[in-house]
Amino acid sequence: MTDQVVDPDGVRLLRDAAPEGRFLGRTRELKELRADIERAGLDTLSGRKAPRARVLLIAGRPGSGRTALAEELVRQVAGRYPGGVLRARLSEPDGTRVPVGHAARELLDTLETPAPAGAPEDELAEALRTALAERRAVLLLDDAADAEQVDALLPDNPGCLAVAVSSGPLTGIADVRPCTLGGLDTKSGVELLSRLTGSVRITVDPRAAERLAEQCQGLPAALVLAGGWLAARPKAAVADLAKQLHTDPGRDTAVTRVGRLVHDSLPTTSARMLRLLSLAPGGLVDPHTAAALTGCPVEAAHTVLDGFAAHGLLHSVGSAQPQYRVPCCLHPLLHDLAAEHEKPGELQLARARMLERTVRLLQSCRAITETDSPQAREKLLGMPRALRFPSPRAAADWLRLRRPALLAAARLAVADGELDTLARRLMSQLVRAMAAHFGTQAAASDLYDIHGLVLDVAERRALPRERAAALLNLGDLDAHTGRTADALTRYRAALDAGREANDPYATGRAMESVGGAHLELGDFDRAADWFGRALAERLARGERAEAARLHGRIGAAHTYAGRYGEALRNWRAAVAGHRRLGDVAAQARALSELARVQEYAGRLDESLRTCHEAVEWARRAEDTRLLAALHLRLADSFEHLGDAASAALHRGTAERMLAEEGPEEGPEEDPAKDPEKDSAPEHGANACEIRSASAED
């Protein structure tokens with residue numbers, strides 16, 4: 001039995017019982033495309049070296065087999081490109097143009113080349129060109145919307161090959177000859193039907209098979225749908241289907257005619273599920289999405305989706321967990337069918353059910369990582385079994401697999417404008433799940449996009465509290481990637497929003513972040529001033545722990561400015577504050593900083609006494625790395641005093657501690673040698689949570 005898997009255009013059999021079934025027809029086109037790779041370009045003919053990658057263009061309507069032809073070409077030539085094959089889709093299933101920045105970032109992720117979160121489009125495109133400068137690779141750019149998209153992603157490396165797939169010519173890219181696709185010839189169309197339905201019915205009535213192939217206009221997607229319809233009805237003759245298509249009144253394309261016939265012949269519940277799949281974010285569907293859209297059990301949805309995939313209506317994405325893609329050539333048809341058969345309110349309800357199911361899955365995905373929390377375990381056990389994950393690894397795999405669909409769901413929910421409450425809950429849970437499984441640094445790029453969407457909703461709904469949270473998070477990500485001036489602008493806007501919302505937490509965080517940005521920019525007076533304002537807020541609310549920490553930040557700013565008297569006063573206040581709170585580790589670190597400032601001020605004897613005191617408190621706190629750093633500082637101090645023996649003793653102690661701590665963490669820098677490294681502000685240390693309308697989130 002043939003195992004049928006259809007590509008996004010619905011045209012390629014990836015797993016067939018016969019080895020030669022991998023690809024059908026298009027022999028002439030493949031030969032021309034391969035010859036075009038070797039063809040001398042205009043630059044070569046004029047004696048100049050080609051400045052960029054060779055570009056091949058495969059043009060054709062969705063359903064014509066254009067993606068399958070591109071994939072087959074790439075498969076045949078991939079051995080000549082040791083840099084590998086990179087793939088990017090440049091249009092959404094509904095035809096929406098994918099921003100160049102998103103496509104470039106996806107390609108950089110494939111290359112495992114990190115790019116700063118929130119980087120502009122030009123910077124990402126340049127980073128991609130740099131990554132491919134010395135790499136002989138193939139880029140498959142599918143469903144390109146315009147020439148600008150392709151041009152921005154082309155590497156400046158003539159050793160690379162770019163294969164672009166589009167509906168028409170890409171005017172503006174030099175030296176590109178499109179390979180324009182029509183339908184398959186009748187013989188190949190009949191052979192494709194034979195592979196899908198079995199050879200008996202084709203052999204019995206070859207004329208009807210030829211007529212059916214012609215009625216499908218030779219479009220592989222239409223032939224696959226027709227073959228799937230026949231395969232599901234073993235007693236139906238090929239002539240029966242050909243007759244139905246012949247009598248079908250004027251439909252635009254063969255794919256539309258056959259697709260409508262297949263839809264109308266499905267059971268009522270299956271037909272409704274099929275047309276509602278047009279609502280699936282990013283065209284990606286799993287059983288939970290289908291079940292939520294239609295309100296049926298997950299297992300029932302899984303069975304129906306498998307049936308759709310077996311007959312060419314969906315593309316099964318190969319993975320350990322079931323996921324399917326709606327073929328691009330079918331998406332417009334399913335959208336029209338949904339508009340014809342469903343009321344607007346029913347479509348909105350289906351979207352809401354899908355988003356609610358996604359929120360609950362994300363809650364379960366995050367909760368399974370909180371193994372030490374009885375409340376999280378209780379909440380997890382209270383969920384239906386279908387929503388639970390068997391292990392944290394399974395949850396992480398699901399999150400990684402569904403990531404494109406989850407991000408698309410967030411974008412669609414925000415663009416909808418009528419489901420903002422669900423959109424806010426979805427984005428809140430998505431941020432938490434990504435942070436729990438991947439970490440904020442690894443997920444920074446996605447988090448930047450999500451916080452931008454949160455900001456859009458907050459501004460549209462006039463929600464100053466959420467606007468402040470989004471601005472703080474975006475500012476932190478800007479600061480982490482070196483865009484400190486941009487971060488400062490966001491922090492100031494967050495301060496205004498926090499004051500408007502009368503949110504003391506957001507206001508205090510914004511003040512401190514403004515101070516940190518000024519410190520990073522070298523404006524130490526403004527940094528100390530803003531830290532002082534934040535300190536006054538904390539003291540007014542009786543937040544003693546935060547006040548003690550802010551005394552340290554003020555001390556650091558004065559240290560940078562060389563005002564050691566003010567720095568000493570604030571570090572002593574920090575030490576006293578941590579002592580009153582009983583925070584031994586924080587007290588040890590504050591004493592360490594106090595000793596360093598005393599050393600800068602030329603008070604070496606006081607610095608030694610303070611450093612010894614810090615060693616004692618660090619020992620009580622069992623902070624091995626701080627102890628090692630303090631011993632290194634003592635070693636340097638004794639060297640300055642000319643006591644080489646004591647210096648060697650402390651240095652040996654520090655080296656022994658670091659060796660026992662383990663090499664994987666690496667030795668800690670001696671703070672005494674680089675005061676800026678030790679006192680530098682850490683943006684985002686207290687990420688501002690996205691506030692949800694639901695307390696249970």
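Below, a trainee and a mentor talk through a predicted model, its sheets, one helix pair and two buried residues.

Trainee: What kind of model is this, and how are residues numbered?
Mentor: This is a predicted model, where local features need pLDDT of at least 70, side-chain atom pairs count only at pLDDT 80 or more, and totals for chains, interfaces and linings use all residues. Residues are numbered from 1 along each chain as its sequence is written, and side-chain values use heavy atoms, with hydrogens and water left out.

Trainee: How many helices and strands does the protein chain have?
Mentor: The protein chain has 32 helices and eight strands. Both are DSSP runs numbered from the N terminus: helices are H or I with at least four residues, strands E with at least two.

Trainee: And how much of the chain is buried?
Mentor: Of its 697 residues, 53% count as buried. Buried means under 20% relative accessible area, exposed over 50%, and partly exposed in between, with a 1.4 Å probe and protein chains only.

Trainee: Sheets next. What is the strand order in the five-stranded one?
Mentor: The order is S2-S3-S4-S1-S5, in an open sheet with parallel pairing. Two strands pair if DSSP finds at least two bridges between them. The edge strands are S2 (85-89) and S5 (178-180), each pairing on one side only. From one strand to the next, the twist averages 15°.

Trainee: How many bridges join S3 to S4?
Mentor: Five bridges join S3 (residues 138-144) to S4 (residues 161-166). Leu-139 stands opposite Ala-162 in S4.

Trainee: Which strands does H1 touch?
Mentor: Helix H1 (residues 27-38) packs on the sheet and touches S1 (54-59), S4 and S5. Its direction makes about 160° with that of S1. Angles run from 0 to 180 degrees between N-to-C directions, and axes are lines fitted to C-alpha atoms, for helices over the stretch in contact.

Trainee: What about H3?
Mentor: Helix H3 (residues 66-77) lies across S1, S2, S3, S4 and S5, and runs at about 170° to S4.

Trainee: Is the pairing in the three-stranded sheet parallel or antiparallel?
Mentor: Antiparallel, in an open sheet with the order S6-S8-S7. S6 (284-285) and S7 (315-316) each have a single partner strand, so one side of each is left without a neighbour in the sheet. S7 and S8 (residues 324-325) pair over two bridges, and Ser-316 stands opposite Tyr-324 in S8.

Trainee: Switching to helices. At what angle do H28 and H29 cross?
Mentor: The axes of H28 (residues 584-600) and H29 (residues 604-621) cross at roughly 165° and come within 8 Å. The two helices are therefore roughly antiparallel to each other; that label needs over 145 degrees, while under 35 is roughly parallel, 65 to 115 roughly perpendicular and the rest oblique.

Trainee: Which residues make that contact?
Mentor: Among them are Leu-591 and Leu-594 of H28, and Cys-611 and Trp-617 of H29. Contact means heavy atoms within 4.5 Å.

Trainee: Is His-331 buried or exposed?
Mentor: His-331 is buried, with a relative accessible area of 6%. It is found in helix H16 (residues 331-341). Not counting residues up to four places away in sequence, His-331 touches Pro-93, Asp-94, Ser-278 and Val-326.

Trainee: And Leu-407, buried or exposed?
Mentor: Leu-407 is buried, with a relative accessible area of 10%, and lies in helix H19 (residues 392-416). Leaving aside neighbours within four places in sequence, Leu-407 is in contact with Leu-430, Met-434, Asp-446 and Ile-450.
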